[in-house]
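You asked for a short note to read beside the sequence and the structure. The points are numbered so that each can be checked in turn.

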Amino acid sequence: MSRRSVFIYLMITVLFSAVNAQTRPLLKSQKSTSLNIGVGDRLKDRPVNPIGFDVKKLDAEIETIMKRAIDSMAFPGGQVLIARKGLVFYHKAFGYHTYAKENKVQLTDLYDLASVTKTTAATLALMKLYDLGLFDPDQTMGYYFPKVAKGKKKELIMRDVLAHQAGLKAWIPYWSVSQKKNGRYRNRTVKSDSSAKYPYRISSSGLFMHKDFIEKRIYKLIRKSKVSDDKKYLYSGLTFYLIPDLVKRLTGKTFEEFLYDEFYIPLNAETLRFNAGELFPLERIVPTELDSFFRMQQLHGVVHDEGAAMMLGVSGNAGLFSNAEDLAKVYQMLLNGGEFDGKRYLSQDAITEFTRCQFCKSGNRRGLGFDKPLVQYDANLSSVAKDASPESYGHTGYTGTLVWADPANDLLFIFLSNRVYPTRNNSKIYQLNVRPDIHNLVYELIRIGQGTYTLGRHW
């Protein structure tokens with residue numbers, strides 16, 4: 001970039017820094033930016049690279065990986081953000097919203113985060129409650145969820161539950177268990193017409209949910225679900241449906257209010273929201289699946305996950321939307337030890353406790369809510385780099401999203417895509433190893449910059 005270009009770039013940044021992100025036009029210079037997100041600083045554009053390796057090389061390699069993925073129809077487009085030492089040195093958008101190639105992906109566009117919600121909403125709330133002395137991971141499930149945790153569930157320890165080794169069922173298809181064999185919905189579940197008893201629209205095609213469905217169906221099905229005596233790792237999202245109610249009971253605020261007040265609003269994470277279609281123009285939101293079995297519509301601005309949809313879009317299991325930049329603010333805050341822009345959000349103790357591997361000795365890699373690197377790396381099973389440190393943590397999302405923070409290397413990697421468009425049966429993002437290839441590339445270039453490694457892989 002020439003000196004004149006740098007000057008123009010910085011002047012534009014100053015002029016637009018106070019403009020709301022919903023209306024701010026995307027600048028060409030934002031295609032690949034360096035944004036300081038260190039402690040004591042807001043997001044700032046910087047035209048320099050203090051990282052110590054060749055960002056042009058990184059850009060060329062990521063372009064190749066993403067072009068191959070998009071050409072192979074692994075997903076129509078995506079966003080990639082990489083930060084090190086508090087500086088976002090790579091931030092770029094690729095492709096289009098859909099294969100119709102009508103709307104190019106912009107850095108300001110929102111993606112459905114899917115299960116990244118588990119760590120960015122539910123687990124984040126529990127960490128705050130932990131700091132407030134309102135949540136103890138060594139307390140029982142029955143203590144926190146007395147109406148739902150009956151029988152064997154009553155004595156389950158929350159540490160085991162959040163590390164996915166309590167024996168809970170993996171998932172419950174709430175929408176399908178509400179149907180009869182002939183396809184019609186059971187009483188007090190879903191109808192095609194709204195009324196006082198069916199006030200909640202869950203589909204633009206004309207589905208309305210019973211007013212007591214969450215309490216009488218979702219919670220009941222979780223309560224009645226079986227608990228295995230085999231306490232080995234099995235990923236389960238059931239408890240994450242219950243956390244919004246726990247937050248409300250303990251704080252007096254709704255799940256949304258608590259997260260917005262404690263984290264998203266003070267972090268200035270303007271796009272990190274539930275039910276994004278009610279808050280942002282649809283042209284800013286990337287669509288997900290063409291639902292041909294439940295809601296019978298193109299899912300656009302509404303949560304992809306069926307269970308979260310039946311929680312009216314606000315769930316600890318799924319439901320959040322965001323762009324990469326706003327998502328980065330949350331995880332940079334975690335990397336900063338709980339601080340961001342001079343404000344403390346969490347204690348280092350809470351972050352360490354929740355992000356550490358809880359049961360590595362028994363082969364379970366998980367933290368409390370957070371995913372961790374495999375205990376023994378397997379390239380066919382991992383979504384992250386081989387060299388991601390044991391201290392690193394994050395989560396994947398079913399829609400094709402990933403966030404991964406590595407405190408040992410002071411590195412943050414965010415990948416957003418809609419690999420479920422137009423169908424969830426598309427697994428090419430995994431077959432092509434898109435996310436781990438990019439993540440591995442970053443670690444390899446870090447080693448090159450340190451003079452300890454020679455890049456030998458080509459994509």
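The points below take up strands, helices and a pocket in a predicted model.

1. Strand β3. This strand covers residues 77–84, and eight of its eight residues are buried, so the rest of the structure largely encloses β3. Burial here means under 20% relative accessible area. Both faces of β3 are covered. On one side the buried residues are Gly77, Gln79, Leu81 and Ala83, and on the other they are Gly78, Val80, Ile82 and Arg84. Note that the charged residue Arg84 is in the buried set.

2. Partners of β3. Strand β4 (residues 87–95) pairs with β3 in the antiparallel sense, over eight bridges. Gly77 of β3 stands opposite Gly95 in β4. The two strands make a hairpin with two residues between them, and in that turn Lys85 has a positive phi of about 55°. Strand β17 (residues 411–417) also pairs with β3, again in the antiparallel sense, over seven bridges. In that pairing Leu81 is opposite Ile414 of β17. As background, strands of a sheet pair through backbone hydrogen bonds, either parallel or antiparallel.

3. The sheet with β12. Three strands form an open sheet in the order β5-β12-β9, with antiparallel pairing. Its edge strands, β5 (111–112) and β9 (273–274), each pair on one side only. β5 and β12 (residues 320–322) are joined by two bridges in the antiparallel sense. Asp112 has Phe321 in β12 as its bridge partner.

4. The sheet with β8. A further open sheet of three strands runs in the order β6-β8-β7, and its pairing is antiparallel. The edges are β6 (190–191) and β7 (200–203), each of which pairs on one side only. Two bridges link β6 to β8 (residues 207–209) in the antiparallel sense. The bridge partner of Val190 in β8 is Met209.

5. Helix α3. What is the reach of α3 from its first C-alpha to its last? It is 22 Å for the 16 residues 116–131, close to the 22 Å expected at 1.5 Å a residue. The helix nevertheless bends by about 35° at Thr123. Of its 16 residues 14 are buried, so α3 is largely enclosed by the rest of the structure. After α3 comes Gly133, which has a positive phi near 75°.

6. Helix α13. The end C-alpha atoms of α13 are 23 Å apart, which agrees with the 22 Å that its 16 residues should span at 1.5 Å a residue. α13 is mostly covered, with 14 of its 16 residues buried. This helix, residues 434–449, also supplies at least two residues of the lining of the largest pocket.

7. The largest pocket. The space in the largest pocket comes to about 1100 Å³. Its lining has 46 residues, and those nearest the centre are Ser115, Tyr235, Thr396, Gly397 and Tyr398. Which element gives the most to this lining? Strand β15 does, with three residues. β15 spans 393–397, and α9 (306–309) and α12 (428–431) are among the other elements that supply at least two lining residues each. By residue class, the lining holds 23 nonpolar, 13 polar and 10 charged residues. Gly counts as polar in this division.

How values were computed:
Residues are numbered from 1 along each chain as its sequence is written. This is a predicted model: local features need pLDDT of at least 70, side-chain atom pairs count only at pLDDT 80 or more; totals for chains, interfaces and linings use all residues. Side-chain values use heavy atoms; hydrogens and water are left out. Two strands pair if DSSP finds at least two bridges between them. Helices (H or I, at least four residues) and strands (E, at least two) are DSSP runs, numbered from the N terminus. On a 1 Å grid over the protein atoms alone, a cavity is a set of points where a 1.4 Å probe fits but cannot get out, and a pocket is an open set with protein on both sides within 12 Å along at least five of seven lines; lining residues have an atom within 4 Å of a point. Grid points are joined across faces, edges and corners, and a volume is the space filled by probe spheres set on the points. The expected span of a helix is 1.5 Å times one less than its number of residues. The bend at a residue is the angle between axes fitted to the seven residues ending there and the seven starting there. Buried means under 20% relative accessible area, exposed over 50%, partly exposed in between (1.4 Å probe, protein chains only).
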